[in-house]
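Biologist: Got a minute to walk me through this one? I'd like to go over a strand and a helix with you.

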Amino acid sequence: MRFQYFLLGAIAIFAPVVGYSAPSSDRVDAVRQIAAAVGRVLGSAAACREVSPLRIKSMSDTLSDLITVSAVTAEESSAIWQAYNLSNTEGQRAITSRRLTCVAAERALADLEKTVTPTQALTPPGQARSLPTVVAPAPTGPQPARPSVAAPSPALAAASPLQSRLAVSRGVTETEIRFGMSAPFSGSAKELGRQMKLGVESAFNIINDTGGVHGRQIKLVAVDDGYEPARTAETMKQLYEKDQVFGIIGNVGTPTATVALPYALKQRMMFFGAFTGANLLRRDPPDRYVFNFRASYAEETDAVVRYLVNVRRLRPEQIVVFAQQDTYGDAGFDGVAKAVRALRSGRDGEVLRLNYKRNTIDVDEAVAQLRKLRTPPRAVVMVATYRAAAKFIEKTRDINPPLIYTNVSFVGSTALAEELMLLGAKYANGVIVTQVVPAVDSYSNVVLEYKTALSTYFPGEALDYVSLEGYITANVMIEGLKRTGPMLDTERLVEGLESLRELDIGLGTLLNFGRTEHQGIHKVWGTQLDAQGRFQPIELQ
């Protein structure tokens, strides 16, 4: 193994210095082989609690320097890090499956460390620490001049190259990456924030317990905005200025996003995986720093309207909307109106909207409007939170017993089911919710991993569609961080995320990002409550 390091190091590092003109593809292949070999060693070491994360981080830094000075393109660099990440995962699995012992893993790491000279910790930025060092006889005779490198200042010599480069990366240290979340942890939507936080932290806890990402632990700082835009301005400022977070993940809500998103963009801060399907986060072309995991509200409402018309045989004019009176309700209502127009071949037709105020369960005006209709509707698409949706169903079920109730995913499926079952089985039975993640009681790979994580770190917590979305969202971010490499800043993270193509995380559909695609998936699942308050899968087509 050490011979391989020496040989590849000679090709990748010293060839450019001595004037060796190997083809670029050969040089990249050499660096890729180094990355894969190092990834396997560091992955197995990271899975062993007794191995210090600082040792792993030091070797990861060295590899990063090697890649930086190898004059590869961004695409080639991404391919090299992909090789590293795949091997890193293989190394971790070798330990967890007991194919390799931690004693052997530590020995391999020690062998790797011996290939790096002690003085390389003082190497200034712009000059690579060699991985590995090639031992050669002292040269004889005249030697060609080599580019000189200025001696580092005392302050620079005291810090590693990574430390000096990360000085401008807010929320990133040698051992930690800090993300922020602004969500409701009080008020009528507090369960949505709590569940999103549970899911994100479950994923972060797993990766942290196996050594983190490139030796760094991932921390989540969550603050309560009460699902109110006015409070969100303060929470975002707190996260950025006081808590010094690197980026935002898993923010909850559309009305709060109208405040949080412009703030994040002004700071050029990552805004990732918000729990909303609103179009303001899905511009064309996409905002550089905004990435979404989930399907949009337009896609959810289009799917359910087509289901009502094509499967349940309703006419478009028999569908009404019950919506929150803000940008969240606007987004859902616009989606329904657009779907209805499409089914009417572009002909305009008014869709009735029944409103309620955010953070209330005052649905009396909406119920009164429904009573006044000469022809009762046959279905209502609800764009509401769980308590308001449950109250609306409670007050209208007896007025129009055959009425079909549907909800978009933001409603909070588990919380809605619990509210309705408190009222009685007749209120829950038949209620439809569109989902942006698979069924929580399924046995798909990602759901099984989620169940294990939730029971390990939050024993006693029930399975929930919102926490599952948070778990998947965090795992996509983790994959992006791995692809980015240890030299982390926002611009590199954007490039790392945009390199995620056809990523299979066990959803039953592939996730794709790119320069013009910042929404990972577009699939919508259908579920329906039964009389026991359990969600059953339904086909929407």
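Modeller: Sure, and keep in mind that this is a predicted model. Let's start with β6, which pairs with strand β7 (residues 353-356) in the parallel sense over four bridges.

Biologist: Which residue of β7 stands opposite Phe322?

Modeller: Phe322 is on β6, pointing the same way as Val320 and Gln324. The β6 and β7 pairing is parallel. Across from Phe322 in β7 you'll find Leu354.

Biologist: And how many bridges join β6 to β8?

Modeller: Strand β8 covers residues 379-383, and its pairing with β6 is parallel too. One of the bridge partners there is Val380, matched with Val320. The count for β6 and β8 is five bridges.

Biologist: Is β6 largely enclosed or open, and why?

Modeller: In a regular strand, side chains alternate between the two faces of the sheet. Here Ile319, Val321 and Ala323 point one way and Val320, Phe322 and Gln324 the other, and all are buried. With six of the six residues in 319-324 buried, the strand is therefore largely enclosed by the rest of the structure.

Biologist: On to helix α18: how many of its residues are buried?

Modeller: α18 runs over residues 465-484 and spans 29 Å from first to last C-alpha, close to the 28 Å expected. Buried here means under 20% relative accessible area. By that cut-off α18 is mostly covered, the tally being 19 of its 20 residues.

Biologist: Which backbone nitrogen does Asp464 reach at the start of α18?

Modeller: A side-chain oxygen of Asp464 does the reaching, coming to within 2.7 Å. The nitrogen belongs to Val466.

Terms used:
Residues are numbered from 1 along each chain as its sequence is written. This is a predicted model: local features need pLDDT of at least 70, side-chain atom pairs count only at pLDDT 80 or more; totals for chains, interfaces and linings use all residues. Side-chain values use heavy atoms; hydrogens and water are left out. Helices (H or I, at least four residues) and strands (E, at least two) are DSSP runs, numbered from the N terminus. The expected span of a helix is 1.5 Å times one less than its number of residues. Buried means under 20% relative accessible area, exposed over 50%, partly exposed in between (1.4 Å probe, protein chains only). A polar contact is a pair of N or O atoms within 3.5 Å; within protein, one must be able to donate a hydrogen and the other to accept it, and residues adjacent in sequence count only if both atoms are side-chain atoms. Two strands pair if DSSP finds at least two bridges between them.
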